[in-house]
Amino acid sequence: MFLKGFSAKSFTYRSLLMNYRRSSILELAFSTLEIDLNPTYKNHSNGGDESRILSQLSDIFPTSISNPVAAVNPPSKQLEISAAVDDFLPPEDKLRGVFLQRFNGETAIHRALSGVGVELNDDVFAKVLNRGNLCGKSMVAFFNWAIEQPDFSKGIDSYHVVLKALGRRKFFVHMMEMLKDMRDEGMCPNSETLFIFMDSYVRARQVSRATKFFGELDKYGLVFNEETFTVALKCLSQRSYVATACLLFNKMRDKVQCDCAMYNIIIGGWSKFGAVTEIEKYLKVMVDEGVEPDCVTYSYVIEGFGRAGKIGDAVKIFKYLEEKGSGLSGGVYNAMIFNCIASGDINGALKYYEEMLSNCFEPNIDTYTRFIVYFLKSRRVSDAIGMLDEMLGRGVIPSTGILTDFIEPLCSYGPPYAALMVYKKARKAGCRISFTAYKLLLSRLSRFGKFGMLLNIWGEMQESGYSNDMQVYEYIINGLCNTGKLETAVKVMEECIRKGFYPGKIICSKLNNMLMDSNKVEVAYKLFLKLRKARVNENAQRYWRAKGWHF
């Protein structure tokens with residue numbers, strides 16, 4: 001049986017290799033002697049032996065030795081394959097993929113980008129820079145190519161997009177180069193440019209460089225005035241560097257006319273920490289300077305007292321505003337509502353909410369979010385759904401992230417009906433559902449065996465433009481197993497494997513055990529073979545990626 005495994009071709013191939021190796025060893029042993037005797041004949045003999053062996057190998061394996069890649073994939077075939085692969089990629093990925101290759105010079109990069117055949121617009125331009133992991137040099141090269149395109153806007157907004165992308169990745173040297181190029185093009189930096197630079201430094205925890213940049217505004221073509229001073233204070237305060245903002249404020253306030261907005265930035269920054277002493281200090285300075293506090297100032301003061309646990313003082317300030325007859329606003333009512341919710345007094349929060357509506361102040365998304373999140377944490381689901389109905393009835397539409405925060409706690413306790421109600425109401429109102437929210441719903445429905453609802457949510461998820469991943473397939477298979485539809489579960493498992501996803505061992509073991517319990521041994525064995533092969537591919541893929549080979 002062992003001898004039958006050899007074919008005539010394989011035997012000829014092995015014998016040729018052995019003869020070639022034997023002749024090579026003999027030639028190596030007497031190489032010095034042959035060179036001394038007749039080097040010309042030696043070279044000719046080697047060339048003849050190699051060509052003879054290669055010609056015989058080509059008879060056994062009909063593949064061109066000189067260019068095997070071209071024989072397998074001719075140039076026309078390679079172009080068709082690359083074009084077919086590129087058709088599946090979005091425009092931003094096609095442009096970003098150019099930088100995976102190494103080009104000599106910026107001209108070659110521009111030629112490659114132009115050869116992609118993508119119509120560049122502002123949206124594609126922003127996606128190329130904001131997503132992915134391009135280096136600073138690649139970003140600058142892409143921007144230099146983009147401004148040469150005829151349909152691309154070459155205003156200061158385009159420079160701001162690339163400056164934000166560079167600052168987000170801490171490419172500060174390239175940011176300075178872009179600022180220099182922007183000034184060379186005759187564009188003057190504005191307050192938004194200042195905010196981008198300072199915010200990039202502060203986000204990277206380089207506050208000293210941010211303040212130094214602000215101190216050298218003339219060097220970068222900016223002017224120190226009330227607008228730029230407000231931008232600097234806002235940038236520092238919103239990143240919780242309120243002490244640095246106060247030092248800058250105390251140093252520069254004699255050089256400009258400070259208005260209420262500047263004091264509100266400082267007081268609002270301290271209110272986040274509940275620093276009552278600092279709030280009272282700058283409120284006194286504000287009044288002494290002749291600046292009248294407005295409703296935003298009072299809302300920050302009330303919120304600061306609430307965070308410090310001084311609810312009684314916050315109520316006194318609110319009653320003072322009521323007696324005064326001015327200074328009340330939706331922000332002031334929100335501050336009182338937030339203080340009551342933080343202290344656990346939900347009845348007091350609802351009382352202020354009713355007063356807010358009776359005084360014709362419109363609640364915003366923050367008002368309803370605080371109420372609904374509190375009700376969900378307290379497991380008062382009916383009150384949460386009622387507040388959601390009121391919010392949607394007033395035309396306040398929650399964002400995708402806020403809606404996910406509503407659905408997540410509902411999928412952690414109780415049956416999935418409440419989460420489905422929130423999902424249906426939000427979808428009917430025109431809210432966009434996140435992929436995370438869809439997976440939470442699928443997980444909850446599969447656990448309770450609601451297969452009909454599971455299929456409906458799955459179809460609506462695909463209609464929304466989301467593609468399946470491994471977790472989605474696991475939820476579907478788990479739901480099918482819980483309802484006893486094992487044949488359908490096997491088909492879904494096979495589809496999951498075909499698409500390159502490798503389900504976890506728990507769900508595979510569950511399906512295999514249920515097939516064995518149902519006396520479907522043959523189906524279980526065939527599925528086992530497919531899973532074993534898929535597991536080998538998964539391990540190989542992990543090895544490739546660990547080595548950096550992203551095939």
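## Salt bridges, a surface patch and two enclosed spaces

K530 forms a salt bridge with E494, and the closest N and O atoms of the two side chains are 3.0 Å apart. Because K530 belongs to helix α31 while E494 belongs to helix α29 (residues 486-498), this pair ties together parts of the chain that are 36 residues apart in sequence. K530 is partly exposed, with a relative accessibility of 40%, and E494 also counts as partly exposed, at 22%. The model in which this contact appears is a predicted one, and the values given here are computed from it.

Helix α31, which spans residues 521-546, also contains F528. Together with Y525 and L529, F528 forms a nonpolar patch on the surface, and the three residues have a combined accessible area of about 290 Å². F528 itself is partly exposed, its relative accessible area being 42%, and it can belong to such a patch because the residues that make one up must have over 30% relative accessible area and no salt bridge.

The contact between K530 and E494 can be set beside other charged pairs, since the structure holds 20 salt bridges. In one of them the side chains of R427 and E463 meet, with a distance of 4.0 Å from N to O. R427 lies in helix α25 (residues 417-428) and E463 in helix α27 (residues 451-463), so that this pair, too, ties together parts that are 36 residues apart in sequence. The two partners are not equally covered: R427 is partly exposed, at 33% relative accessible area, whereas E463 is exposed, at 65%.

A further salt bridge joins the side chains of D383 and R380, where the distance from N to O is 2.8 Å. Here D383 is partly exposed, with a relative accessible area of 30%, and R380 is likewise partly exposed, with 31%. Elsewhere, D199, R203 and R239 are linked in a network of salt bridges.

D383 falls within the range of helix α23 (381-393), and that helix, along with α22 (365-377) and α24 (400-410), supplies at least two residues of the lining of the largest cavity. A search of the whole structure finds one cavity of 30 Å³ or more, and the volume of the largest cavity is about 40 Å³. Its lining consists of I372, L376, A384, I385, L388, F406, L410 and V422, with α23 giving the most, namely three residues. Sorted by class, this lining has eight nonpolar residues, no polar residues and no charged residues.

The largest pocket, by contrast with the cavity, is an open space, because a pocket is defined as an open set of points while a cavity is one from which the probe cannot get out. The volume of this pocket is about 280 Å³. It is lined by 16 residues, of which F99, I109, K137, S138 and A141 are the closest to its centre. Helices α7 (106-114), α9 (136-146) and α11 (172-184) each supply at least two residues of the lining, and the largest share, five residues, comes from α9. The lining of the pocket is mixed in class, with seven nonpolar, five polar and four charged residues, whereas the lining of the largest cavity has no polar and no charged residues.

How values were computed:
Residues are numbered from 1 along each chain as its sequence is written. This is a predicted model: local features need pLDDT of at least 70, side-chain atom pairs count only at pLDDT 80 or more; totals for chains, interfaces and linings use all residues. Side-chain values use heavy atoms; hydrogens and water are left out. Patches are made of residues with over 30% relative accessible area and no salt bridge: like charges are joined within 9 Å, nonpolar side chains (Val, Leu, Ile, Met, Phe, Trp, Tyr) within 5 Å. Accessible areas come from the Shrake-Rupley method with a 1.4 Å probe; for residues, only the protein chains shown count as cover. Helices (H or I, at least four residues) and strands (E, at least two) are DSSP runs, numbered from the N terminus. Buried means under 20% relative accessible area, exposed over 50%, partly exposed in between (1.4 Å probe, protein chains only). On a 1 Å grid over the protein atoms alone, a cavity is a set of points where a 1.4 Å probe fits but cannot get out, and a pocket is an open set with protein on both sides within 12 Å along at least five of seven lines; lining residues have an atom within 4 Å of a point. Grid points are joined across faces, edges and corners, and a volume is the space filled by probe spheres set on the points. Ala, Val, Leu, Ile, Met, Phe, Trp, Tyr, Cys and Pro count as nonpolar, Asp, Glu, Lys and Arg as charged, and the others, Gly among them, as polar.
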